[in-house]
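Please open the structure in your viewer, switch to a cartoon display, and keep the selection tool at hand. The tour goes from one selection to the next, with a short account of what is there at each stop.

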Amino acid sequence: MAAVAVAVGMWVGAAFRAVAGRGRAGTKAVVFERVPAKGGVIVKKRVGLCRDEGGVFALLLVCPHLGCTPRVEEGFWQCPCHGSRFDFTGRRMHGPAPRGLTHLRVRRGAEGLIVELEREVPGAWRLKL
Ligand code: FES
């Protein structure tokens, strides 16, 4: 029984290090050491970590039109290439982008909040703080 517990512990530790390592490398996750204030945004590696009254959510900052990087301007996301505009939560306000920005899952980690780049979630999803 003790051997099984040690083996499980080693596996969990290895899995955690693998996830954390990918986070640092930025290939599968982006780690945010700080949390934005309500109504605020922190941008890192084409991910916007945002906070509203419901909690924290993450947007993939890749315009659904042709892939440019939207920038936050006065509470909106504005694409500099062809003028698409999205509201603070990533909903499309006007095109040419055919849809809103992609929402990504956020979870707590030892280093901070981790945004999982391969885990899309519905637009209403929030991490409660
Ligand atoms: S790439 Fe964003 S509007 Fe065209």
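The stops below begin with the whole chain and then move through its paired strands.

**The whole chain**

Before selecting anything, bear in mind that this is a predicted model. Colour by secondary structure, and you should be able to pick out one helix and 10 strands, which follow the order α-β-β-β-β-β-β-β-β-β-β when read from the N terminus. Of the 129 residues in the protein, 23% are buried. If you consider the contacts with a separation of 6 or more, 37% of them are between residues 24 or more positions apart.

**Strands S9 and S10**

Select residues 102–109, which form strand S9, together with residues 112–121, which form strand S10. These two strands run antiparallel and are joined by seven bridges, while the hairpin that leads from S9 to S10 passes through two residues. To see one of the pairings in detail, show arginine 105, whose bridge partner in S10 is glutamate 116.

**Adding strand S1**

Keep S10 in view and add residues 29–32, which are strand S1 and pair with S10 in the antiparallel sense over four bridges. Which residue of S10 stands opposite alanine 29? The residue is glutamate 116, already met at the previous stop as the partner of arginine 105.

**Strands S3 and S4**

Next select residues 47–52 for strand S3 and residues 55–60 for strand S4, which run antiparallel and are joined by six bridges. A hairpin of two residues connects S3 to S4, and aspartate 52 has glycine 55 in S4 as its bridge partner.

Now bring S9 back into the selection, since S4 is also joined to S9, by three bridges and again in an antiparallel arrangement. Leucine 60 is a useful residue to centre on here, as it stands opposite threonine 102 in S9.

**The sheet of four strands**

For the last stop, look at strands S5 to S8, which make up an open sheet with the order S5-S6-S7-S8 and antiparallel pairing. At its edges are strand S5 (71–73) and strand S8 (92–94), each of which pairs on one side only.

Between those edges, select residues 76–78 for strand S6 and residues 85–86 for strand S7, which are joined by two bridges and run antiparallel. Show the side chains of tryptophan 77 and phenylalanine 86, the latter being the bridge partner of the former in S7. While side chains are displayed, remember that in a regular strand they alternate between the two faces of the sheet.

Methods. Residues numbered from 1 in each chain as written. Predicted model: local features only at pLDDT ≥ 70, side-chain atom pairs only at ≥ 80, totals over all residues. Pairing = 2+ DSSP bridges. Buried ≥ 20, exposed ≤ 12 C-beta atoms within 10 Å, placed from the backbone. Contact = placed C-beta atoms within 7 Å.
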